[in-house]
Each structure stands twice: as structure tokens, then as C-alpha cells.
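This report describes the fold, one helix pair, the largest pocket and two backbone features of a single chain. The sequence and model are shown first.

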Amino acid sequence: MNYLSNITTSQRPWLLLALAALGLELSALYFQYVLDLAPCIMCVYQRLAILAIFSAGAIGTIGHQNIFARILAYVLWGVGAIWGLIIALEHVEMQKNSGSLFFSCEFIPNFPTWAPLHEWIPFLFEATGDCGEISWRFFNYSMPQWMVVVYALFSIVFTIVVINRLFCAKKP
């Protein structure tokens, strides 16, 4: 258990986290620009959650020996993983009830007025698709269903690492 507790004080695990998130962001851009799958508003929010996880990995990679950098990285990782899971679950629900009047999909992201990411970085955060449309499947799972798996894994690993860090770390 001490191994899991001390894993975040080294650089490689944080780099692995950053590379995993970067791979997911690049995959999203591949789906959008090569396979021509238009991202919906929920996809845009999930991209932001992945970007938070990437930022956590980058900050942890650079500042793994600094407690304040690690705390910031933990916060970004936890928020990105858990918020992404919530958004992905909601997206799956929207796809299940795509004909219902209770679920609708906006076209303009609800970013703060001080950070309109869809205007600053439209190639990454502009929503042009419909949340209810299922235009891609792999092993009969849609993209949001796969993202539930991805975010669940990020959340589980986050929880295990944080619990081990809090309760199993060697106390000086």
C-alpha cells in the first residue's frame, strides 16, 4: 500500500495521466476532423473535463515534489474525472431518451462570460452536433457509453490513490 501512497510523489505516474488524457483529446479531434463526427454540447463539456485531467497530469509531472502543485493536481484530476463521469452519464441518458421533450441539447456552451472557451478555441469547444444522435459505435457501445467507462476508471484510480495517500503515507 505504501507504493500506491507514494506513487504521486514521482514524475512518471503523473506523466502517464497526462498522456492518457492527451490521447483522449487527440482521439476526440480525430473523430471530429477526420471521421467528420460533429461534437455536441455534452461532448464539449467532456472535452473540458479531459482537459482538466490533462492539466492535472501536466502539473503533477512538473511539480510532483511540491505539495501545493500535487494538491492542485489532485483537485483538477478529481473534478475532471467526477464531473466528466456525471456529464457522460447524463449524455447516455439523453441518447436513450432522444425523442423525449424532457431532454434537449443546447448548441452554445454554458461557459462563464469571463472564459468563453467556445469563442477563444472554437476548433476544440464549439458544439455543432446533436446530443441524441448516435453516429458511432464500438462493440455496440456509443461514444458517451465508452466515456462513462473512461471517466469511471479515472475516478476509481483517483479515489484509490487519494485514499492511500491520506491513510497509508509514511508519517514523518
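Along the sequence, the chain runs in the order α-α-α-α-α-α-β-β-α, which amounts to seven helices and two strands. Helices (H or I, at least four residues) and strands (E, at least two) are DSSP runs, numbered from the N terminus. The model is predicted: local features need pLDDT of at least 70 and side-chain atom pairs count only at pLDDT 80 or more, whereas totals for chains, interfaces and linings use all residues. Residues are numbered from 1 along each chain as its sequence is written, and side-chain values use heavy atoms, with hydrogens and water left out.

Of the 172 residues in the chain, 42% are buried (under 20% relative accessible area, with exposed over 50% and partly exposed in between; 1.4 Å probe, protein chains only). Among contacts (heavy atoms within 4.5 Å) between residues at least 6 apart in sequence, 79% join residues at least 24 apart.

**Packing of α2 and α7**

The axes of α2 and α7 lie 13 Å apart, at an angle of about 170 degrees. Axes are lines fitted to C-alpha atoms, for helices over the stretch in contact, and angles run from 0 to 180 degrees between N-to-C directions. The two helices are therefore roughly antiparallel (over 145 degrees). Leu17, Ala20, Leu24 and Phe31 of α2 meet Met143, Val150 and Phe154 of α7. By class, this contact comprises seven nonpolar residues, no polar and no charged; Ala, Val, Leu, Ile, Met, Phe, Trp, Tyr, Cys and Pro count as nonpolar, Asp, Glu, Lys and Arg as charged, and the others, Gly among them, as polar.

**The largest pocket**

The largest pocket holds about 570 Å³ of space. A pocket is an open set of points on a 1 Å grid over the protein atoms alone, where a 1.4 Å probe fits, with protein on both sides within 12 Å along at least five of seven lines; lining residues have an atom within 4 Å of a point. Its volume is the space filled by probe spheres set on the points, which are joined across faces, edges and corners. Phe31, Leu37, Pro39, Cys43 and Met143 are the closest to the centre among the 30 lining residues. Two or more lining residues come from each of α2 (11–33), α3 (41–63), α4 (67–96) and α7 (143–168). The lining has 17 nonpolar, eight polar and five charged residues.

**Positive phi values**

Two residues other than glycine have positive phi.

| Residue | Phi | Loop | Relative accessibility |
|---|---|---|---|
| Asp36 | near 60 degrees | between α2 and α3 | 66%, exposed |
| Phe139 | about 55 degrees | between β1 (137–138) and β2 (141–142) | 64%, exposed |

Terms used. Angles under 35 degrees count as roughly parallel, over 145 as roughly antiparallel, 65 to 115 as roughly perpendicular and the rest as oblique.
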